[in-house]
Every structure is written in structure tokens, then in C-alpha cells.
Amino acid sequence: MRGLLTLVVVVAGCMGATASLAAAATPATPATPSTPATQPTINEKCQRLADTWRQRFDAERVTYIVAPPFVVAGDGGQQRLTRYLDHTIRASADALHRKFFDRARPSEPVLILLFESAESYKRLAKKWLGDDPSTPYGYFRRDNIMVMNVGTGTGTLVHELVHALIRPDFPGVPEWFNEGLGSLFEQCTLADGDIRGLENWRLPALQRAIRDKKLRPLGEMIEDGEFYGDKHVGLNYAQARYLLMYLQEQGKLAEYYQKLRADQAEDKSGLKTLEAVIGPKSLAEFEHGWRSWVLELKIQR
Ligand SMILES: [Zn+2]
């Protein structure tokens, strides 16, 4: 047990002491009975989803837990799965809902597949979903399935969880913000129900680009509709991440999210809303302060 605990902490991108262990779902929790002729509840949908996957899971010794809105399955054994569910998935989901996603929760199940090795991750992504993953860490599919290689840590799990939970809460979220927030919580603390992003591996390339005067202005990144375009994508993640971390440090990140969500019809990219949140500072002054702040950051070990 002690060995397992240590291992989980080492691999965790998000760490926190959660007191909610008792809330752990038991395997195959029966769906709550509903009145006839109504829409199926999320519990029922999750149970049905688990039923459709059970044979595939059994054939690969994958165990699962139904924990609406999630169905979590993995090849590391039930005890390990429960720890992922409590310490990473539930802990970060609860904090994300409390701080940001307070408007809507998933009405469709999110299937989370947690593989302990690159081998099972690649093999079963192919066999079950026909995917050849382009990343060694994990990804989130349009059909609400998260496929994760947790052998590389749980940072990407929290990143993809942000995408799964922001989808119902803010369907029109700008890509740069969605990726910035997901990236922010790749390395984070979870304490007293709060989630906070910390410095991570995306920092050095950003600092280098600032020093070499190769980083484009924040406004350009925000207004660029091609977040995933080859030319800027690597730095885009870092730039978006550390912009949101700067707002977090100033206590303005949740406020910015709420305003951005409320004003999406008038401000698709989020630039005007950013200017409103940082006011009375101009964007140029703000950016100057942001660049100096980024250059001072250090990755904590
Ligand atoms: Zn992402």
C-alpha cells in the first residue's frame, strides 16, 4: 500500500490531499431507478455505457468503475483505479466545477480509459477505437472518450478533463483559452477544494522565445483563429498557459472565465474581455508586466 501511495504521488501531475475517499464509487453501481417515460439519467447512461464495454474490458483484464458522469476503466487493477478516481479525477473535477464550470455539467457520460503502459495504450486505442495516437500522453475524442497513457503521469489526464468538463459549460470557448486552461492544470495543487496551476515543462521554451524576441504579442495569439496551425502551435500552448497563470496569480482567472462565457456573442476571441478584466491597465502595459513575470519564473522541483 505504501509503495502504491508513493508511486501515485510521483506520477501525479496534480497532487492534493482529498478527504473524500469515502465517496469512492463501488464497481458497477446500479443506476438510480427513474420514473418511466423520462429521459435516461446520467447514472443510467453511464451504466448502459459500461454494459456495452464490459466484454471488451473483461477480455483485456481491464476493470472499471461507474462514477457518473464518468465511467473510468483501466488495466492497473481496481485499487489503483479507485485512487485515480478519487485523487485526480473527482478531486480536480470538483474543484473545476466550483471555481469555473458552474453553469452546466456533462449530460452524456465521459469514458476515461487509463492505460499503465505505452504498449496497452497504443494497442487498445487501435483495437477498440481504430486510433493511432499522435501523442504518447493521451487525448480526448469528440465522442467523449478520453484515452490516457497514465504511465507518463496524470498531468495530461487533468488537461483532458478540463476539455471534457468545459464542453457543456461553455460550448463556444475559444480554442486558445480551452488549451491554456487544460495546460495550466497539467501541474497543479488541489488543496481545500481549490485548484491552482504551477510552473511546468512548457516554461523554458516560452522564456527563450521572449528573450530572443520571437514571441508574438498576446493579442495576436488570442485573435489568431488557427491555434493549432503548424507555425505557432508549440508556443501557443505555453503562451496561453502562462497568460492564464498570470491571471490566476492576480486572482482574476475565474472572473475572466465567467465574463468570457457571458460575453461570447460580442467577443468571440476573448480579447476585449481580457482588456476589461485587466483595466485600467492597457494591454501593452499588461503584456510588459506579463513578460517580465514569465522571465522570473522557475520550475519548482
Ligand atoms: Zn488540449
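# Sheets, helix crossings and odd backbone spots

Visitor: How many bridges join S5 to strand S6 (residues 145–149)?

Guide: S5 and S6 run antiparallel, and two strands pair if DSSP finds at least two bridges between them. Helices (H or I, at least four residues) and strands (E, at least two) are DSSP runs, numbered from the N terminus. Glycine 138 stands opposite methionine 148 in S6. The bridges joining S5 to S6 number three.

Visitor: What kind of model am I looking at?

Guide: Residues are numbered from 1 along each chain as its sequence is written. Local features need pLDDT of at least 70, side-chain atom pairs count only at pLDDT 80 or more, totals for chains, interfaces and linings use all residues, and the model itself is predicted.

Visitor: Which strands stand at the edges of the open sheet?

Guide: Five strands form that sheet in the order S2-S3-S4-S6-S5, with mixed pairing. Each edge strand has a single partner, so one side of it is left without a neighbour in the sheet. The edge strands are S2 (63–67) and S5 (138–140).

Visitor: At what angle does helix H3 (residues 78–99) run to S3?

Guide: H3 lies across S2, strand S3 (70–74) and strand S4 (110–115). Angles here run from 0 to 180 degrees between N-to-C directions, with axes fitted to C-alpha atoms, for helices over the stretch in contact. H3 runs to S3 at about 135°.

Visitor: Are H7 and H9 roughly parallel or roughly perpendicular?

Guide: H7 and helix H9 (residues 233–249) pack with their axes 9 Å apart, at about 95°. Under 35 degrees counts as roughly parallel, over 145 as roughly antiparallel, 65 to 115 as roughly perpendicular and the rest as oblique. That makes H7 and H9 roughly perpendicular.

Visitor: And which residues of H7 make the contact with H12?

Guide: The axes of H7 (residues 203–211) and H12 (residues 283–296) come within 9 Å and cross at roughly 125°, so this pair is oblique. H12 brings Arg291, Val294 and Leu295 to the contact, where contact puts C-beta atoms, placed from the backbone, within 7 Å. From H7 come Leu206, Gln207 and Ile210.

Visitor: In strand S7 (residues 188–191), which residues are buried?

Guide: Side chains alternate along S7, with Thr189 and Ala191 pointing to the face that is not buried. Buried takes 20 or more other C-beta atoms within 10 Å of a residue's own, exposed 12 or fewer, and partly exposed falls in between, with C-beta atoms placed from the backbone. The buried ones, on the other face, are Cys188 and Leu190.

Visitor: Which residue in the S7–S8 turn has a positive phi?

Guide: S7 and S8 (residues 194–197) pair in the antiparallel sense over four bridges, forming a hairpin with two residues between them. The residue in question is not a glycine, yet its phi is about 50°. With 9 other C-beta atoms within 10 Å, it is exposed. Its name is aspartate 192.

Visitor: Where is the cis bond into proline 69 placed, and what is its omega?

Guide: Proline 69 is in the loop between S2 and S3. The cis peptide bond runs from proline 68 to proline 69, with omega near 5°.

Visitor: Which proline does glycine 279 join through a cis peptide bond?

Guide: Omega of that bond is about 5°. The proline is in the loop between helix H11 (271–278) and H12. It is proline 280.

Methods
Two residues are in contact if their C-beta atoms, placed from the backbone, lie within 7 Å.
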